[in-house]
Each structure stands twice: as C-alpha cells, then as structure tokens.
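User: Please take a close look at one helix of this chain and at what surrounds it, and then place that helix in the wider fold.

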Amino acid sequence: MNKKESVIQQIIQAGLLPLYYNDSKDLSIEILKALYQSGIRVLEYTNRGENALENFKVLKTIAQQEMPDLLLGIGTIKTAKQAKDFIDLGADFIVSPIVSSEVAKVVSEHHLTWIPGCLTPSEIHQAQELGAKLIKIFPGNLVGSSYIQTIKDIFPELLFMPTGGVEPERQNLRDWFDAGVSAVGMGSKLLKNSIIEENNFEALSDYISKVMLLIQSCKNS
C-alpha cells in the first residue's frame, strides 16, 4: 500500500483525524506525544500561526525518530507555495479549508493525499474532478449530519469527514456515523485547553483514548 492509500485507510480505521496548532514549540511537542501515546497514528497539524512551519519541522523530526508509524499531515493549506513548503519538510498529506486547483496540482505531483474542505455540491464536484477521494465537510456544524445523507446519494464514490461542530459525545458521533461519514475531524473539542493549560498530558492522552473507543463504538453500532 502506498502512502496515499495508507493515509486514507488510517483515517477511516481510526474514524478520527485530530487537528491542532499551538504557537509554542514545546506545547506542540507535548500534544503530539500525548496523541501518539493515546494510540493516534494519523493527525493534522494546522498552518494557523507564524510558527507553524518551524514547529512542523521539529514535530516531523521527532516523529521520524520516535514515532515511525505516525502519519503527520498539515492543514489550513491555501496556496501552492504553502503546500510545497510543508511537503519539503516531509508532510505526509495535505488538508485545505478550500478547493484549490493549484494546491491539488502540487500534492498530486508528489503523490500525496489531498483532503479539501467543501460545503456545497459544486465544491465537492470540483474537488472530485481535481482528484480528491476524501472530502472534509467544513464547517460541519453549518450543515449537520442530515446533509451527509443527502450528498452521499449524489457522490456515492466519495468519502466524507465533517470537521467543526463534531462533539466527542455518543449521540453526536452516532448521528454523524449513522449518516455515513467515514471519519470526523476534531480539534479543541478533543484537545481540551483546560487539560493542556494544566500541563497534564497523561490526562490528555487518557481522554483521547476514551474518545477513540467511543468513536469505534459509534462506528460499529
């Protein structure tokens, strides 16, 4: 299985793509380790601050040294230059909040997975034409789980992953998976600031593990 296929399979298997950014390099490292300790093997660091590139470089180095089975992607990529910069640092996949043909072209040239953010059927169709297999429905809270059921009938060959508005609670997760999503993206709902501010990364890891089990339960119910 090549990396492109492996990324999508890992996300589907976990049913979860965690995403985060922190200006602090040290906190970014601690969160990465907590995620890995919990059992996460694919995650998205987001390009949402001025330190994103430098932090990602450090995270990738640590992942290569200590977490050889981790797939580390980068999100919030809106331009071809951003995509190339992070691919040069070893990004395993690229996530975008938008549909960009320029980003899609760069990612395709490097034989990596591109996960674009879409909301409307026209955007989803454009992303499919550009080669996307997994679509990030963003922001998911604007449309809700019933929207997934509708668009899956229109695009049965695509996989969907809502991000934004996904709650780590049984009923909310069950609604999304019953509607047909392949995975959910979660940021601050998963990586609780209250725990991070206490520097209690063991507790953070335990919490993530519990959410992962809950997701598996909801996927298989």
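Analyst: What follows begins with the model and the chain as a whole, then turns to helix α2 and afterwards to single residues elsewhere.

This is a predicted model, in which local features need pLDDT of at least 70 and side-chain atom pairs count only at pLDDT 80 or more, while totals for chains, interfaces and linings use all residues. Residues are numbered from 1 along each chain as its sequence is written, and side-chain values use heavy atoms, with hydrogens and water left out.

The chain has 10 helices and nine strands, where helices (H or I, at least four residues) and strands (E, at least two) are DSSP runs numbered from the N terminus. Its radius of gyration is 16 Å, close to the 17 Å that the globule rule gives for 221 residues, so the chain is as compact as a globular protein of that length; the radius is taken over C-alpha atoms, and the rule is 2.2 Å times the number of residues to the power 0.38. The C-alpha trace spans about 45 × 40 × 30 Å along its principal axes. Of the 221 residues, 49% count as buried, a term that means under 20% relative accessible area, as against exposed at over 50% and partly exposed in between (1.4 Å probe, protein chains only). Among contacts (heavy atoms within 4.5 Å) between residues at least 6 apart in sequence, 60% join residues at least 24 apart.

Helix α2 comprises residues 25-38, and at 1.5 Å a residue its 14 residues should span 20 Å, which agrees with the 20 Å between its end C-alpha atoms; the expected span is 1.5 Å times one less than the number of residues. Which residues of α2 are buried? They are Ser28, Ile29, Ile31, Leu32, Ala34, Leu35, Tyr36 and Ser38. The cover over these buried residues includes strands β1 (16-20) and β2 (42-46), together with helices α3 (52-66), α9 (193-197) and α10 (201-219).

Helix α10, one of the elements that cover α2, contains Tyr207. Not counting residues up to four places away in sequence, Tyr207 touches Pro168, Lys189, Leu190, Lys192 and Ile195. The C-alpha atoms of Tyr207 and Lys192 are 9.0 Å apart, with their positions 15 residues apart in sequence. In the loop between α9 and α10 lies Asn199, a residue other than glycine whose phi is positive, near 55°; at 51% relative accessibility, Asn199 counts as exposed.

Strand β3 (residues 71-75) holds Ile74, which is buried with a relative accessible area of 0%. Leaving aside neighbours within four places in sequence, the contacts of Ile74 include Glu44, Tyr45 and Thr46, as well as Phe56, Phe86 and Phe93. The C-alpha atoms of Ile74 and Ile40 are separated by 15 Å, at a distance of 34 residues along the chain.

Two further backbone features deserve mention. His111, in the loop between α5 (101-109) and β5 (113-115), has a positive phi of about 55° although it is not a glycine, and at 61% relative accessibility His111 counts as exposed. Phe138 and Pro139 are joined by a cis peptide bond with omega about -10°, and Pro139 is found in the loop between β7 (134-137) and α7 (145-154). Most residues other than glycine have a negative phi, and most peptide bonds are trans.
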